[in-house]
Amino acid sequence: MNRCVVIGCGWAGRHHLETVYNSEFAQLTAAVDPDESRQMAVARRYGIPVYDSMDALICSGTRFDTGIVATLPALHESQCAQLIRMGKHVLCEKPVCRTSAQIEGLQEAARRAGVCFGVIFNQRYGAAVQRAKELMGARDGAMHLITASMYQHWPTRIQGHVTRTFMITDACCHLLDLMTFLCGPVAQVKAVASGQNSELYSDLSASLLFENGCVGSMTHSNVGGKLDTQHPFQCIDVHTEYARYRIENQCDRLTVYPHDSPAQTVYETSVFQRRDYAVSMRLACEDYLRAAAKGQEPPADIGQALVNMQVLEAIMASI
């Protein structure tokens, strides 16, 4: 049984705690978080020890196989490196790090240590995205165009973990993964961005050329709904030789428009199923745990995170 420790018990960490706790493929052994109120809540909910730091976890002698890193991105490099030195497997939230050089360093360390390093690219697990991937894979036909946009309310000042390129490194890593999941690797990028009433980049438009010949645009804006359920925050359109696939919010709805018919087919998640963002978080975590239990490669690994960041760095260089 894969004994897991969740490091960071904030919003993302809570979903990983719940996933591991309920998984048939893993055992929740301990957690780490510096906040005392979170420590108490997690200990009560799961009946496990909760430590205030990685060092305290190590000194405790707790036995575990995998560390799930769900802290802020600035902490990922040091915490993942510490786990690798201990010979522990790693499942890390994205972005793994904010530079490709840091990610490459972790990748090499994991390779030398024989450590399995998975990454949570959860948006590809949205029900509408999965259905679109299935349908597009069922027919042979060239992909021609993909447009993908996100609209999220972001901070406007550089502070704490929020950097000038926060929108690109921390948000567009999701959208880029969706695009490459559907269309394959990127060959070339060109981009522009602005910072309206913001110390950060507030708006981005990147043109992409994929290795399969498909072209696309990735756009992001910090002008979006301020409530969790106020407005759609994401739209993806894929145009293939046979049809147009329109995805709303990764999980809300997929509409397929065949080019040779006036009809359209709509796929929606059942009203009896959860269809929020957290569902994809838990599915991504469970998929990693399943792969680990079967001795398989992780569904999304650090190599994919490295390529993802290299493309984002090319976008920043183009800007």
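## Surface, fold and two small voids

The protein exposes about 14900 Å², and carbon and sulfur atoms supply 50% of that area. Keep in mind that this is a predicted model.

Let's start with the overall build. The chain carries 9 helices and 14 strands. Its radius of gyration is 20 Å, close to the 20 Å that the globule rule gives for 319 residues, so the protein is as compact as a globular protein of that length. Measure along the principal axes and the C-alpha trace spans about 65 × 40 × 40 Å. Of the 319 residues, 51% count as buried. As for contacts between residues at least 6 apart in sequence, 66% of them join residues at least 24 apart.

Now for the empty space inside. Rolling a probe the size of a water molecule over the atoms shows where such space is left. How many cavities of 30 Å³ or more turn up? The count comes to 2. Here they are side by side:

| Cavity | Volume | Lining by class |
|---|---|---|
| Largest | about 50 Å³ | 8 nonpolar, 1 polar, 1 charged residues |
| Second largest | about 40 Å³ | 9 nonpolar, no polar, no charged residues |

Which residues line the largest cavity? The lining is made up of K94, P95, V96, I103, V119, F121, C173, A305, N308 and M309. Helix 9, covering residues 302–318, gives the most to this lining, with 3 residues. By class, the lining has 1 charged and 1 polar residue next to its 8 nonpolar ones.

The second largest cavity has L91, V119, I120, Y125, A284, Y288, P298, P299 and A300 around it. Strand 6 (117–120) and helix 8 (277–293) each supply at least two of these lining residues. No polar or charged residue takes part here. V119 is worth a click in the viewer: it is on the lining of the largest cavity and also on that of the second largest.

One last stop is N222, which sits in the loop between strand 10 (215–221) and strand 11 (234–240). Is this loop residue buried or exposed? N222 has a relative accessible area of 12%, so it counts as buried, given that the cut-off for buried is under 20%. What does N222 touch, leaving aside its neighbours within four places in sequence? Its contacts are Q152, H153, W154, T156, M167, S198, S202 and D203.

Definitions and conventions:
Residues numbered from 1 in each chain as written. Predicted model: local features only at pLDDT ≥ 70, side-chain atom pairs only at ≥ 80, totals over all residues. Heavy atoms only, no water. 1 Å grid on protein atoms, 1.4 Å probe; cavity = no way out; pocket = protein on both sides within 12 Å on 5 of 7 lines; lining within 4 Å. Points joined across faces, edges and corners; volume = space filled by probe spheres on them. Helix = DSSP H or I, 4+ residues; strand = E, 2+ residues; numbered from the N terminus. Nonpolar A, V, L, I, M, F, W, Y, C, P; charged D, E, K, R; others polar. Buried < 20%, exposed > 50% of the residue type's maximum accessible area, 1.4 Å probe, protein only. Contact = heavy atoms within 4.5 Å. Rg over C-alpha atoms; globule rule 2.2 N^0.38 Å. Areas by Shrake-Rupley, 256 points an atom, 1.4 Å probe, with all protein chains shown as cover.
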